[in-house]
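Visitor: I am new to protein structures. Could you show me one and explain the words people use for it?
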Amino acid sequence: MLSVEESTGQYKKIHIVHIVHGFVIGGLENGMVNLINSLPEDRYHHSIISITKHDPDFATRIKTANVELYDLEKKQGLGFSWLIKCYFLIRRLRPSIFHSRNLSGLEAQIAAFCAGVPIRIHGEHGWDVNDLHGSNTRYQKLRRLIKPIVHHYIALSSEAEQYLQHVIRIQPERVSRICNGVNTKKFQPLDNQHNPFAEFLAPTDLVFGTVGRLALVKNQAYLIRAFAQLVKHYQNAKFGLKLIIVGCGREELPLKKLAVDYRVDEYVLFAGARDDVATVINAFDVFVLPSKAEGISNTLLESMACGVPVIATNVGGNKELIPPALWSGNVVDVEDDEQLVRAMGQYVNNTQLCRLHGELVLQHCRKNFSLTAMVEQYASVYDKNNKEHDTCVV
């Protein structure tokens, strides 16, 4: 990692500064990795600024040589010293484009404006538990306050696009909707693979799984409750029922206690953070996304690309990703335990339906959500704005 104090010199490519709360394991951050790894190295240079800090292990997922990482090391709580630090860093980096993501990075647009960055872009990827569906009026006021200094917006879902246009009142021509894409070479069905959870599973188990940080907005508690009801209802099922929860976060202990309270802890595995997500997903029979809010879920797309049937809550862009043929049975309301139990229950004792739905989501994903299309759309936004604002690279 380069320190904030180091001078960086000049670049001969379009230099993009990306800023996020922390460059750590997460769907938003993984989408950044996919984008940066796929954009042509001979046309772009990237700097990633973490408002807090970055995870060195996660950063190894970047495979290109045109990226630098910086940490502002913001402490928890209120304060603006990080914003001043950000301003001076941007002045040194002298980017052509500044790209912030989500509410946590929005205030950094002020630093970019004051530092004279010629192109300023902001992306709305999903909602926080304190701002479900963008309903927090204080955050709405902040977005409206900063919108005059942002040149262009990127919305990952139609929900976010409508929110920006009709609630924040951004002109439609200033908003591009770019759905996440999935690397179908990395995420694909894997036959006869080594099962990373073999010690936990029996050959006849029906395995439900989810991947995501253990946070209130990801709502794994909803999944545990529904799974407990499923286990109780199908006590005499042909197959055993198991649940694998992949991820880490501050809700880990409460979730483990919940599994104990519902007496399903012996059927639930908390697998922690993993960097072999494609292998992990292929160990699932059914993927479940129980979130209270989402933008465009990478793990939902990755599961579909692996040919694993998916169940998801009807929030954000989830329904946009799932084949319409599955909407009635596999898209459920948040906190509706009965709906989720029914959606999961359709696969109990029905391996044929698992295979059928797995093939359906696989073909739907390959046809509609390619990584190539996503990268081309981002490149178009970057190049078009760079040309319109006549900002030759430095």
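Guide: Here we go through some ring pairs, a helix contact and two backbone angles. This is a predicted model, in which local features need pLDDT of at least 70, side-chain atom pairs count only at pLDDT 80 or more, and totals for chains, interfaces and linings use all residues. Residues are numbered from 1 along each chain as its sequence is written, and side-chain values use heavy atoms, with hydrogens and water left out.

Visitor: How many aromatic pairs does a search of the whole structure find?
Guide: The search finds five. Rings of Phe, Tyr and Trp (its six-membered ring) pair if their centres lie within 6.5 Å; planes under 30 degrees apart are stacked, over 60 edge-to-face, and the rest tilted.

Visitor: Why is the pair of F23 and F58 called edge-to-face?
Guide: Their ring centres are 5.0 Å apart and the planes meet at 70°, so edge-to-face is the right word.

Visitor: What makes this pair tie together parts that are apart in sequence?
Guide: F23 lies in the loop between β1 (14-20) and α1 (27-38), while F58 belongs to helix α2 (residues 56-59), so the parts joined are 35 residues apart in sequence. Helices (H or I, at least four residues) and strands (E, at least two) are DSSP runs, numbered from the N terminus.

Visitor: How do you know whether F23 is buried or exposed?
Guide: Buried means under 20% relative accessible area, exposed over 50%, and partly exposed in between (1.4 Å probe, protein chains only). F23 has 0% relative accessibility, so F23 counts as buried. With 2%, F58 counts as buried too.

Visitor: Why is α11 called roughly perpendicular to α15?
Guide: Helix α11 (residues 298-305) and helix α15 (residues 351-368) pack at about 115°, with axes 7 Å apart. That angle makes them roughly perpendicular. Axes are lines fitted to C-alpha atoms, for helices over the stretch in contact, and angles run from 0 to 180 degrees between N-to-C directions. Under 35 degrees is roughly parallel, over 145 roughly antiparallel, 65 to 115 roughly perpendicular, and the rest oblique.

Visitor: Which residues in α11 meet α15?
Guide: L301, M304 and A305 meet V361, L362, H364 and C365 of α15; contact means heavy atoms within 4.5 Å.

Visitor: What makes the phi of R263 worth a look?
Guide: Most residues other than glycine have a negative phi. R263 is not a glycine, yet has a positive phi of about 60°. At 72% relative accessibility, R263 counts as exposed. N219 also has a positive phi of about 60° without being a glycine, but at 6% N219 counts as buried.
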